[in-house]
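This report covers one helix pair and a set of salt bridges. The sequence and structure come first.

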Amino acid sequence: MTDQTRRTFLKQAALGAAVLAYPSSTVLGANDRVRVGMIGVGDRGNDLLGQVRKVPNVDLVAMADVYSRRRDQAKSKVPGIQTFDDYRRLLDMKDIDGVIVASPLHIHVRHFIDTLAAGKDLYAEKTMTWSISEADKCLAAAKNSNRVVQIGLQHESSGALVDAKQLIQDGSVGKVTQVESWMSRNTPHGKGQWVRPVPSDCTAQNVDWSAFLNGRPDRPFDPFKLINWRLFWEFSGGNCAENMVHQIAWIMSALDLPLPSAAYMSGGVFSEKDGREVPDTIAVTLDFPKDIVVTWQSTFSNRHYELGDRILGSDGTLEHHFEEPIQYWPEKTNRPSGEAMTGKTHDQDHMKNWIDCIRSRGTPNAPPEIGYRSAIAVHMSNLSYKNKRRITLEEAKAITPEY
Ligand SMILES: NC(=O)c1ccc[n+]([C@@H]2O[C@H](COP(=O)([O-])OP(=O)(O)OC[C@H]3O[C@@H](n4cnc5c(N)ncnc54)[C@H](O)[C@@H]3O)[C@@H](O)[C@H]2O)c1
């Protein structure tokens with residue numbers, strides 16, 4: 001492909017053109033080494049770097065990050081790794097099979113679409129995108145490619161999900177009308193959740209600031225925002241995008257739920273008034289067409305109940321806590337002889353599941369469809385919060401989100 005055709009091609013992909021002929025990569029044998037690159041290797045990227053290096057027969061050969069500190073860190077961890085400040089140079093490498101993207105939320109759409117357009121398989125961190133229209137473009141791009149795409153929703157690889165689906169499908173749970181879920185954390189007084197110190201080498205010389213801004217209004221280098229992008233709407237989706245997305249994806253998968261019909265979210269910046277924009281205290285209600293209401297609550301000022309999901313059915317109750325087996329209790333009203341159960345299925349390694357699918361060309365545990373549905377639930381909730389009212393799916397699709 002010439003530079004000109006590649007540019008046109010990428011432009012079409014960015015516009016979400018309906019049908020594209022994606023380049024295909026070489027077909028790998030079951031024992032062939034998979035060559036992987038990474039884009040955005042900060043906190044989460046470093047976790048994923050450790051995970052992918054543990055998968056047998058994988059070579060991590062390249063990474064791209066706009067901040068020199070991250071490139072130096074990667075070089076010290078992975079001997080011989082090639083590093084780039086511009087991710088497009090990494091995508092130009094013909095011998096990379098798959099790319100892991102762990103950049104900030106507002107850049108996901110670019111990295112997602114360009115990675116597929118370059119013919120690479122993709123592991124894309126959640127939340128799939130920053131907005132609904134971007135999620136539409138990414139889903140279309142994934143559907144029009146023959147690439148293996150895993151979204152970084154690792155709860156989708158849990159044994160608890162397999163067991164929950166089984167108990168729901170075999171009737172043990174009965175008719176489900178309500179699901180409650182929650183996520184809570186705490187921090188020492190005066191220290192806001194998520195706030196990270198700015199390293200002394202985080203300077204305009206060491207960072208490609210305009211690549212980070214990715215089309216957001218230009219301004220002088222702001223190291224606090226680069227490091228703490230999560231606190232600000234123009235780059236972030238707040239705690240719904242950071243944490244609710246994992247739980248709502250799990251609940252939607254367990255119950256095979258379509259997109260929510262409406263969302264209502266209340267809350268505010270109550271725990272630490274430290275200049276952040278995104279709320280730290282949240283109550284979300286999601287209505288679903290199948291006569292189910294799902295609630296999600298979150299606080300950053302108390303961690304007693306930590307994180308969990310409860311599926312309430314006419315014949316039984318399911319309770320799920322992160323990285324623990326599912327618990328089931330029968331409802332004696334409708335299942336007098338039912339017995340309590342604890343799930344037995346082991347978790348799968350989410351990263352290895354992606355690599356296995358790169359070889360088999362199978363569908364990973366968290367394909368773009370669940371990335372999409374969970375992203376829409378996140379964005380509907382945030383739009384409700386910002387507009388201070390209940391928002392239907394149709395309304396949410398028509399709103400252009402503001403920073
Ligand atoms: N699945 C999970 O459990 C989980 C956990 C934490 C974070 N995440 C997700 O991972 C993503 C990253 O979060 P984080 O905490 O690692 O953020 P981070 O700020 O620590 O890391 C992001 C990295 O991307 C780099 N970057 C910024 N702009 C770039 C660009 N244009 N091109 C290339 N690199 C660029 C930054 O320099 C930084 O190193 C987010 O989407 C977050 O929601 C997922």
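## Helix packing and salt bridges

Helix α10 (residues 238–255) and helix α12 (residues 368–387) have axes that come within 9 Å and cross at roughly 125°. The angle is neither over 145 degrees nor within 65 to 115 degrees, so α10 is oblique to α12. The crossing in which α10 passes α12 is right-handed. The model in which these helices appear is predicted.

On the α10 side, the contact is made by C240, A241, M244, V245, I248, A249, M252 and S253. Their counterparts in α12 are I370, R373, S374, A377, V378, S381 and N382. Sorted by class, the residues in this contact of α10 with α12 are 10 nonpolar, four polar and one charged.

Helix α10 also takes part in a salt bridge, through E242, whose side chain meets that of K126 at 3.4 Å, N to O. This pair links distant parts of the chain, with the two positions 116 residues apart: K126 lies in the loop between β5 (121–124) and α6 (132–143), and E242 in helix α10. Both K126 and E242 are buried.

The structure has 22 salt bridges. Three of them are listed below with the N to O distance.

| Salt bridge | N to O distance |
|---|---|
| D86 and R88 | 2.9 Å |
| K126 and E242 | 3.4 Å |
| E306 and R303 | 2.0 Å |

Are the partners in the D86 and R88 bridge buried or exposed? D86 has 18% relative accessibility and counts as buried because the value is under 20%. R88, at 37% relative accessibility, counts as partly exposed. The D86 and R88 pair does not stand alone: D86, R88, R89 and D92 are linked in a network of salt bridges.

In the pair formed by E306 and R303, the side chains meet in a salt bridge at 2.0 Å, N to O. E306 has 38% relative accessibility and therefore counts as partly exposed. R303, at 48% relative accessibility, falls in the partly exposed class too, because that value is not over 50%.

Taken by burial, the bridges described here can be set side by side. K126 and E242 are both buried. D86 is buried, whereas its partner R88 is partly exposed. E306 is partly exposed, and R303 is partly exposed.

Technical notes:
Residues numbered from 1 in each chain as written. Predicted model: local features only at pLDDT ≥ 70, side-chain atom pairs only at ≥ 80, totals over all residues. Heavy atoms only, no water. Axes fitted to C-alpha atoms, helices over the stretch in contact; angles between N-to-C directions. Helix = DSSP H or I, 4+ residues; strand = E, 2+ residues; numbered from the N terminus. Parallel < 35°, antiparallel > 145°, perpendicular 65-115°, else oblique. Left-handed = near helix turned anticlockwise from the far one by under 90°. Contact = heavy atoms within 4.5 Å. Nonpolar A, V, L, I, M, F, W, Y, C, P; charged D, E, K, R; others polar. Salt bridge = Lys/Arg side-chain N within 4 Å of Asp/Glu carboxyl O. Buried < 20%, exposed > 50% of the residue type's maximum accessible area, 1.4 Å probe, protein only.
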